[in-house]
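Q: I am new to this structure and would like a close look at a single part of it, the place where protein and DNA meet. Please take me through it slowly and define the terms as they come up.

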Number of protein chains: 2
Amino acid sequence: MTSRSAPPARDRLADAALSLFDERGYDQTTVDDIVERAGVGRSTFFRYYGSKEAVVFPDHDGLLDAIRARLATSSDATALVAVSDAVRLVLLHYLEEGEIARRRYALTSKVSALRDREIASVARYQRLFREFITAWMGDEAPGAALRAELMAAAVASAHNHVLRRWLRGECQDPLAELDAAMQEVIALFTAPAPTADGAGTTVVAFQSSQPLDALLPALRRLLAEDGPAK
Amino acid sequence: MTSRSAPPARDRLADAALSLFDERGYDQTTVDDIVERAGVGRSTFFRYYGSKEAVVFPDHDGLLDAIRARLATSSDATALVAVSDAVRLVLLHYLEEGEIARRRYALTSKVSALRDREIASVARYQRLFREFITAWMGDEAPGAALRAELMAAAVASAHNHVLRRWLRGECQDPLAELDAAMQEVIALFTAPAPTADGAGTTVVAFQSSQPLDALLPALRRLLAEDGPAK
DNA sequence: CATTTGGACGGTACTCAGTTCCACGCCAGG
DNA sequence: CCTGGCGTGGAACTGAGTACCGTCCAAATG
């Protein structure tokens, strides 16, 4: 209505909000300020964004659904690998946002309310991971639930670590770093196969007539499978 | 003023709030309702509790300080052990609260705003752990930061796992379970000795003319030493 | 005893986020 | 022409949180 060639009201609201947050800070910006700059009515703001915070975090819910879908159709050998793969979706989403993601990071670094909200979002991913892993390995053994919890936390943390490095510009190839980090996470949980009594460490020794190089691919495959490791 | 033998206003407010939350639910209870039942003025409520949510989470800040102090004076062999020890303070705090902690758990399970706030609190503990671990092992090697992140997340998750089990009454000796969980966490990170270059999982393949049985004793001796394994 | 001072409390008025409801304009298709 | 959706604007309301001030009480001080 106000100007007919302008981009859709939703985008104007986001632009107005982010620029005002940059100029005056988040707390010093009221919703009235935002709608005034965007040239729309106050109702319109809350129609598009459920809250003032939601302008900053537009689509966590959609991403959560995408991950759920990915996990549902995933046919990976182990739950941890499937989750490590699914979490790439999250990183990819941020990478596609590009500069927007960095502006948001600058905001969340300053405003604790926004930081808390982002942490809550991450916790939802982590919860989804945990539920998936728990479902994957029935809750047979005691300690399975704890293990699932640890795995989900590790995947989420490793992702956040790489994401923050990229957001701070300390990282040239975030996807490669994510893969490396996930390798480390998987190695964490596949290596020692902790026995019930605690001090773990299963060792498999074997003899082969083939050179080391010929054995490596098979070794990798074995390590990736791991499984119950009773 | 209203009644002179009553317990201090702060406690009356907490009681009134929690009972009203139980009766009508959190969202359906206004601060006016609370102060009316407590028989105090509205200003008094916000004097004691900075927000409506804060009635439910009284002393996370104090606990955070206690942990900081504990970590500062800790002279443990490794950072992970020190953190695993410090996190006992958190669990002990909840255990001392007893029934109050369970009422809070029932609330946070229903009200997402409260759940989010609790998650944010936990994230602060985790951040403190991460900073401590990072400081302990200088940031020499690349991958050290990730490792610190994973350790902190593992400790926090293991604690939360045990805490939730106790809150749900699935647990008779929570401190013992916490110790066991921390053992598992420590085992996770001490076993495989990840190499400096990132991709973890060192595999040693060798060929020997001797039968497997002859090699086992030597293998055991090697594994018992383990140590740095650079 | 009178006065002062400081702290705890109550009350009022305000800002702002978020909700609800309604009214208006615009653009189909009948 | 009008009719029924649909996006929008606007007004009024609730409730959390803040700022400020007045009051009461009690202990300290003369």
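**The surface near the DNA**

A: In this predicted model, a phosphate oxygen of DNA strand D is 2.7 Å from an N or O atom in the side chain of A:Y48, which fits the definition of a polar contact (a pair of N or O atoms within 3.5 Å; within protein, one must be able to donate a hydrogen and the other to accept it, and residues adjacent in sequence count only if both atoms are side-chain atoms). The elements that give two or more residues to the surface near DNA strand D are α3 of chain A together with α3 of chain B, where helices (H or I, at least four residues) and strands (E, at least two) are DSSP runs numbered from the N terminus. Of these, α3(A) gives the most, with four residues.

Before going further, some conventions: residues are numbered from 1 along each chain as its sequence is written, while chains are lettered from A and ligands numbered from 1 in the order in which they are written. Because the model is predicted, local features need pLDDT of at least 70, side-chain atom pairs count only at pLDDT 80 or more, and totals for chains, interfaces and linings use all residues, while side-chain values use heavy atoms, with hydrogens and water left out.

To stay with DNA strand D, there are 15 residues around it, and those that come nearest are A:S43, A:T44, A:Y48, B:R42 and B:K52; a residue is near a molecule or strand if one of its heavy atoms lies within 4 Å of it. Of the atoms of DNA strand D that come within 4 Å of the protein, sugar and phosphate account for 50%. The bases are reached as well, since a base nitrogen of this strand is 3.2 Å from an N or O atom in the side chain of A:R47. From chain B, a backbone N or O atom of B:K52 lies 2.7 Å from a phosphate oxygen of DNA strand D. By class, the surface near DNA strand D has four nonpolar, eight polar and three charged residues, where Ala, Val, Leu, Ile, Met, Phe, Trp, Tyr, Cys and Pro count as nonpolar, Asp, Glu, Lys and Arg as charged, and the others, Gly among them, as polar.Turning to DNA strand C, the protein has 16 residues around it, of which A:R42, A:K52, B:S43, B:T44 and B:Y48 come nearest. Among the atoms of DNA strand C within 4 Å of the protein, 50% belong to sugar or phosphate and the rest to bases. A base nitrogen of this strand is 2.2 Å from an N or O atom in the side chain of A:R42, and a backbone N or O atom of A:V31 lies 3.1 Å from one of its phosphate oxygens. On the chain B side, a polar side-chain atom of B:Y48 is placed 2.4 Å from a phosphate oxygen of DNA strand C.

Two helices each supply at least two residues of the surface near DNA strand C, namely α3 (42–48) of chain A and α3 (42–48) of chain B. Here α3(B) gives the most, with four residues. The residues of this surface divide into five nonpolar, eight polar and three charged.

As for the chain behind these contacts, chain A has ten helices and zero strands, and 44% of its 230 residues are buried (under 20% relative accessible area; exposed means over 50%, partly exposed in between, with a 1.4 Å probe and protein chains only). Among contacts (heavy atoms within 4.5 Å) in chain A between residues at least 6 apart in sequence, 62% join residues at least 24 apart.

Finally, the confidence of the model deserves a word: pLDDT is the predictor's confidence in each residue, from 0 to 100, and chain A averages 82, with 79% of the residues scoring at least 70. Over residues 215–230 of chain A the pLDDT is below 50, and this stretch has twelve contacts in the model beyond near neighbours in sequence. Residues 1–5 of chain A also stay under 50, with two contacts beyond four places in sequence.
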